[in-house]
Amino acid sequence: MDARESTPDNALDLFRLDGRTAIVTGGGRGLGRYMAEALADAGAGVVVCSRKLEACEEVRSKIEARGGKALAVECDVMDPEQVEYVVEEAVGSFGAVDVLVNNAGATWGAPPLEMPLEKFDHVLRVNVRGTFLMSRAVLRWMVERGLGGSIINVASVAGLLGGHPAYMQAVGYNASKGAVISMTRDLATSFARHWITVNAIAPGWFPTRMSGALIERFEEKMLESIPLHRFGEPEDIKGIVLLLASRAGAYITGQTIVVDGGQTAW
């Protein structure tokens, strides 16, 4: 958030997002849903978008049932026009865009020599092109407004490690998340003078629709690689997104926060 804001008397208020607006891509399920709920709990109006409007509507309903404010919008992050539409809807409904969480993602598993080229290209288009298009649209708005903001890219420990041949071979996904981490650093240094922070979260293994089948099949092998010997839970991601979206994280930029139970510490 804007580093020029006054510091509240209560340290817990550093994490409040009252009066702010956040866009969460891929917010209809999994980590996106958890983060959208956390941002709303902290007081933000949340725009939940993905290709599956029905899932976004479910998240919107849950947020509103808890007293929060939310909007559901259909969006394919690979489409520049749809991306611009989401930003317009956010500004039109809530008056601003203060936080962007680039969570929408895709994957495809296959050994490198067997990876279909069209699947490799699709994963990079969603994960890299989509992150860039959404960031560009929001950054234009933030720079013009001149009051700072926060962008949070969801990367992965897969962008820091090689794939595990026993159960995780997804060269396109791994490459895309490495690109997201590098893009995060570039955008952070490019827009710091506008009081805009850009950071990444690199989750380890969290049970989601994307990872569920692998976890079900290789649970014990995966747990052996995690020092805390458990998978991530919703609360493990919620606090991190609030830190990076709020005044509490105003002096953090260009960083990748790893949330993996110690997997990358071996």
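The following exchange goes through a predicted model of one protein chain, question by question.

Colleague: How many helices and strands does the chain have, and in what pattern do they follow one another?

Modeller: The secondary structure of this predicted chain comes to 7 helices and 7 strands. Read along the sequence, these elements follow the pattern β-α-β-α-β-α-β-α-β-α-β-α-α-β.

Colleague: What is the radius of gyration of the chain, set against the globule rule?

Modeller: The C-alpha trace spans about 50 × 40 × 40 Å along its principal axes. For 266 residues the globule rule gives 18 Å, and the chain comes close to that figure, so it is as compact as a globular protein of that length, with a radius of gyration of 18 Å.

Colleague: What share of the residues of the chain count as buried?

Modeller: A residue counts as buried when its relative accessible area is under 20%. Among the 266 residues of the chain, the share that count as buried is 49%.

Colleague: Which residue forms a salt bridge with arginine 20, and is that residue buried or exposed?

Modeller: Arginine 20 itself is partly exposed, with a relative accessible area of 22%, and its salt bridge has the closest N and O atoms 3.4 Å apart. The partner lies in the loop between helix 3 (80–94) and strand 4 (99–102), while arginine 20 lies in the segment before strand 1 (21–25), so the pair ties together parts that are 78 residues apart in sequence. With a relative accessible area of 2%, the partner is on the buried side of the cut-off, and the residue asked for is the buried aspartate 98.

Colleague: Where does arginine 145 lie, and how many residues apart in sequence are the parts that its pair with aspartate 98 ties together?

Modeller: The side chains of arginine 145 and aspartate 98 meet in a salt bridge at 3.0 Å, N to O, and arginine 145 counts as partly exposed at 26% relative accessibility. Arginine 145 lies in helix 4 (residues 117–145) and aspartate 98 in the loop between helix 3 and strand 4, so the parts tied together are apart in sequence by 47 residues.

Colleague: Which residue meets arginine 230 in a salt bridge?

Modeller: Arginine 230 counts as partly exposed at 35% relative accessibility, and its partner also counts as partly exposed, at 25%. Their side chains meet at 2.8 Å, N to O, and the partner is aspartate 236.

Colleague: Which residues are joined into one network by salt bridges that share partners?

Modeller: The count of salt bridges in the chain comes to 11. Those that share partners join into one network the residues Arg33, Glu37, Lys62 and Lys238.

Colleague: Which residues form the positive surface patch, and where is arginine 209 found?

Modeller: The positive patch is formed by Arg29, Arg51, Lys52 and Arg209. Arginine 209 is exposed, because its relative accessible area of 69% is over the 50% cut-off. Its place in the chain is the loop between strand 6 (196–203) and helix 6 (212–224).

Colleague: Which residues make the nonpolar surface patch?

Modeller: One member, valine 258, lies in strand 7 (residues 256–259) and is partly exposed, with a relative accessible area of 32%. The patch has an area of about 220 Å², and the residues that make it are Leu160, Leu161 and Val258.

Colleague: What is the phi of tryptophan 195, and what is that of histidine 229?

Modeller: Tryptophan 195 lies in the loop between helix 5 (171–191) and strand 6, and it counts as partly exposed at 36% relative accessibility. Histidine 229 is found in the loop between helix 6 and helix 7, where it counts as partly exposed at 45%. Neither residue is a glycine, yet phi is positive in tryptophan 195, at about 60 degrees, and in histidine 229, at about 55 degrees.

Colleague: What distance separates the C-alpha atoms of isoleucine 252 and threonine 197?

Modeller: Isoleucine 252 has its place in the loop between helix 7 and strand 7, and it counts as partly exposed at 23% relative accessibility. Isoleucine 252 and threonine 197 are 55 residues apart along the chain, and their C-alpha atoms are separated by 7.0 Å.

Key:
Residues numbered from 1 in each chain as written. Predicted model: local features only at pLDDT ≥ 70, side-chain atom pairs only at ≥ 80, totals over all residues. Heavy atoms only, no water. Patch = residues over 30% accessible without salt bridge, like charges linked within 9 Å, V, L, I, M, F, W, Y side chains within 5 Å. Areas by Shrake-Rupley, 256 points an atom, 1.4 Å probe, with all protein chains shown as cover. Salt bridge = Lys/Arg side-chain N within 4 Å of Asp/Glu carboxyl O. Lys, Arg positive; Asp, Glu negative; His and termini not counted. Charge placed at Lys NZ, Arg CZ, Asp CG, Glu CD. Helix = DSSP H or I, 4+ residues; strand = E, 2+ residues; numbered from the N terminus. Buried < 20%, exposed > 50% of the residue type's maximum accessible area, 1.4 Å probe, protein only. Rg over C-alpha atoms; globule rule 2.2 N^0.38 Å.
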